[in-house]
Amino acid sequence: MEQLIKNPSTDKLVDEPIVTKYLQERWSPRSFSKEPIAPTDLRRIFEAGATAMSSFNEQPWNIILTHKGDPTYEKLFHCLSEYNQEWVHFAPVLGAVIAKKYFTKSRKENRHRFYDSGAFMAYASLQASELGYQIHQMAGFSPGKLMMDLKIPHVYEAATMFVIGKPDSPEKLPVNLRKQEQEEQTRKEVSSFIFADKWGDPYHFDE
Ligand SMILES: Cc1cc2nc3c(=O)[nH]c(=O)nc-3n(C[C@H](O)[C@H](O)[C@H](O)COP(=O)(O)O)c2cc1C
C-alpha cells in the first residue's frame, strides 16, 4: 500500500504526490467569481513562483499586479485583445509578467528571460491551484502599448498577461465562450515529442 502523505496546506492525508494532484487540478478558466483574493494568498502564490530555477539565477521575472477598480487595472485591461477583454473582467486580479532583457552581472542579453519567466508562472500557477484559485495567462495583448502606457524602461520586455481568481460557473460567460470553457484541453502524447537517436524517432520508455 502507498504511504499517505500530509498536504502541508490542508493538513489532509493524501495518497499521491501533492504535485501530481495540483498538476491535474490546474486549468485556465475564463469564468471567475468576483471574490477578492486575500493578500496572504497572493503572496504565497508569488513566493512559490520565486522558487523557480533560472539561468545564472537571474530571476528575470517582474510582475505588475492590479485589482479590479485600481487605475492601473484599467490601463492593463485596455492592452488586452478584444477577445480577452470579453472574459477577463470577471476576474478580481489582473497582472503582467515583465522580463528583464539583460543579465544584471554581465549585462549580456538573457536569451532565457521568457523561458525562466514561464517557469516562474508555472510554479505560481500550481500554488494558486493548491489554494483554490486558478491563473489564466494570455498572449493576446499589445506588449508595445503596455510598455508605453505603464512607462516600463526598455531593458524590460512584456512577456504575458494573466488573471487570478476562483473559477465560477460557465453560465456567466457569453455563449461563444461557454462551450470552450467546458471542453477538455487535450495534450500531445509524450512519444510524439520526445526523440531518441534520430530527430523524429520516438524515445521508448522501457518500463
Ligand atoms: C503563454 C500563454 C498564452 C496564452 N494566451 C491566451 C490568450 O491570449 N487567451 C486565452 O483565452 N487563453 C490563453 N492561454 C491559455 C491557453 O489557451 C491554455 O493554457 C491551453 O489551452 C491549455 O489549457 P489549460 O491551461 O486549461 O490546461 C495562454 C496560455 C499561455 C501559457
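Me: In β6, which residue is the bridge partner of Ala 96?
Reply: This is a predicted model. Ala 96 falls in strand β4, which covers residues 93–100. Eight bridges join β4 to β6, and the two strands run antiparallel. In β6, the bridge partner of Ala 96 is Met 161.

Me: In what order do the four strands of the open sheet stand?
Reply: Seven bridges join β3 to β4, and eight join β4 to β6. Another five join β5 to β6. The pairing is antiparallel, and the order is β3-β4-β6-β5.

Me: Which strands stand at the edges of the sheet?
Reply: The sheet is open, with the order β3-β4-β6-β5. Two of its strands have a single partner strand each, so one side of each is left without a neighbour in the sheet. The twist from one strand to the next averages 25 degrees. The edge strands are β3 (61–67) and β5 (134–138).

Me: Which residue in β4 does Asn 62 stand opposite?
Reply: Asn 62 belongs to β3, the edge strand of residues 61–67. β3 and β4 run antiparallel and are joined by seven bridges. The residue opposite Asn 62 is Ile 98.

Me: In β6, which residue is the bridge partner of Ile 135?
Reply: Ile 135 lies in β5, which spans 134–138. β5 is joined by five bridges to β6, residues 156–165, and the two run antiparallel. The partner of Ile 135 is Ile 164.

Me: How many of the eight residues of strand β4 are buried?
Reply: A residue is buried if 20 or more other C-beta atoms lie within 10 Å of its own. Across the protein chain, buried residues make up 24% of the 207 residues. Strand β4 is largely enclosed by the rest of the structure, because the number of its residues that are buried is seven.

Me: How many residues of the shell around the ligand are charged?
Reply: The residues around the ligand are Trp 27, Ser 28, Asn 84, Gln 137, Met 138, Ala 139, Gly 140, Thr 160 and Gln 185. They divide into three nonpolar and six polar, and the number charged is zero.

Me: How far apart do the end C-alpha atoms of residues 24–70 lie?
Reply: UniProt, in an unreviewed entry, places the feature "domain: Nitroreductase" at residues 24–70. The span is 28% helix and 15% strand. Its end C-alpha atoms lie apart by 33 Å.

Me: What pattern does the protein chain follow along the sequence?
Reply: The chain has seven helices and six strands. Read along the sequence, they give β-β-α-α-β-α-α-β-α-β-α-β-α.

Technical notes:
Residues numbered from 1 in each chain as written. Predicted model: local features only at pLDDT ≥ 70, side-chain atom pairs only at ≥ 80, totals over all residues. Pairing = 2+ DSSP bridges. Axes fitted to C-alpha atoms, helices over the stretch in contact; angles between N-to-C directions. Near = placed C-beta within 6 Å. Nonpolar A, V, L, I, M, F, W, Y, C, P; charged D, E, K, R; others polar. UniProt positions renumbered as here; feature names shortened; annotations may be inferred. Buried ≥ 20, exposed ≤ 12 C-beta atoms within 10 Å, placed from the backbone.
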